[in-house]
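Visitor: I would like to go through this structure with you and hear, for each term you apply, what it rests on. Please show it first.

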Amino acid sequence: MSHDWVDFAKRLRAIAQTGQTYTDNRYELERYQELERLTNQMFAVLADTPVARVEQLFIPDRGYATPKVDVRGAVFRDDRVLLVREQRDRRWTLPGGWADVCEPPSSCVLREIREESGHFAVNPRLALLRDRNLHPYLPVTPEHIYKLFYVCDEVEGGGFVPNNETDAADFFALDALPELSLGRTLEKDIHHLWAFASGEVDGVHSD
């Protein structure tokens, strides 16, 4: 899938969504709605998938179009990192998911760690913020996503509990990581978070 064409389609869809929010002209509204349908067809062609599936990917949204927010949490035990295995692709990732409305992202990431891994964490520190478009996360998504990565401290106790999203959790050595779910976590994300946790880098890195 061409990244340039995906970006073009994302921008057109954002224009369509924002236009539907602010126009008070019935004819303009119809044009913006048609533009939204056309961008869904563009995504379908680019991904070689039915239009209906593309439409299901988008959470119904109105108002000014803005990026979605994904939060991820890193918990280290010595030189090992806590990862969970996603049921969808059977690959490993830092625990996390979409940020929820009315919940601070720092609280959200602690909840995601608990729900997906069974481990309890405290003291979340924002260490890394990435624009998903600027890094090799795969597959390419029609949504524009900001990824917030936190480093957290582990609390003793807890263990994996089966759930709807992950089917395993374990600690892995940084030089022996399993196959990662590259739409969620990259190896360079984990190594940067380790550098932050060990004091090798100061402050939040963003790109």
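Visitor: What makes a side chain positive or negative here, and how many of each does the protein have?

Guide: Lys and Arg count as positive and Asp and Glu as negative, while His and the chain ends are not counted; on that basis the protein has 24 positive and 35 negative side chains. Each charge is placed at NZ of Lys, CZ of Arg, CG of Asp or CD of Glu, and the centres of the two sets lie 4 Å apart.

Visitor: What kind of model is this, and how are residues numbered?

Guide: This is a predicted model, in which local features need pLDDT of at least 70 and side-chain atom pairs count only at pLDDT 80 or more, whereas totals for chains, interfaces and linings use all residues. Residues are numbered from 1 along each chain as its sequence is written, and side-chain values use heavy atoms, with hydrogens and water left out.

Visitor: How are helices and strands assigned, and how many of each does the protein have?

Guide: They are DSSP runs numbered from the N terminus, with H or I over at least four residues for a helix and E over at least two for a strand. The protein has 5 helices and 8 strands, in the order α-α-α-β-β-β-β-α-β-β-β-α-β along the sequence.

Visitor: How do you know that the span of helix α4 agrees with its number of residues?

Guide: The expected span is 1.5 Å times one less than the number of residues; for the 13 residues of α4 (residues 105-117) this gives 18 Å, and because the end C-alpha atoms are 18 Å apart, the two agree. Gly118, which follows α4, has a positive phi near 85 degrees.

Visitor: Why is Glu112 called buried?

Guide: Buried means under 20% relative accessible area, exposed over 50%, and partly exposed in between, with a 1.4 Å probe and protein chains only; Glu112 has 6% and is therefore buried. Glu112 belongs to helix α4, where the buried residues also include Cys108, Val109 and Leu110. Leaving aside neighbours within four places in sequence, Glu112 is in contact (heavy atoms within 4.5 Å) with Pro95, Gly96, Gly97, Trp98, Ser117 and Glu165.

Visitor: Why does His135 count as buried, and what does its side chain join?

Guide: His135, in the loop between β5 and β6, has 9% relative accessibility and so counts as buried. Its side chain and that of Lys188 are joined by a polar contact of 2.8 Å; such a contact is a pair of N or O atoms within 3.5 Å, where within protein one must be able to donate a hydrogen and the other to accept it, and residues adjacent in sequence count only if both atoms are side-chain atoms. His135 also touches Asp207, which is 72 residues away in sequence and 8.9 Å away in space, C-alpha to C-alpha.

Visitor: What makes the phi of Asp78 and of Arg90 worth a remark?

Guide: Most residues other than glycine have a negative phi. Phi is positive, near 60 degrees, in Asp78 and also near 60 degrees in Arg90. Asp78, in the loop between β1 and β2, counts as exposed because its relative accessibility is 63%, whereas Arg90, in the loop between β2 and β3, has 49% and is therefore partly exposed.

Visitor: Which peptide bond is cis, and what is its omega?

Guide: Most peptide bonds are trans. The bond joining Leu138 and Pro139 is cis, with omega about 5 degrees, and Pro139 is found in the loop between β5 and β6.
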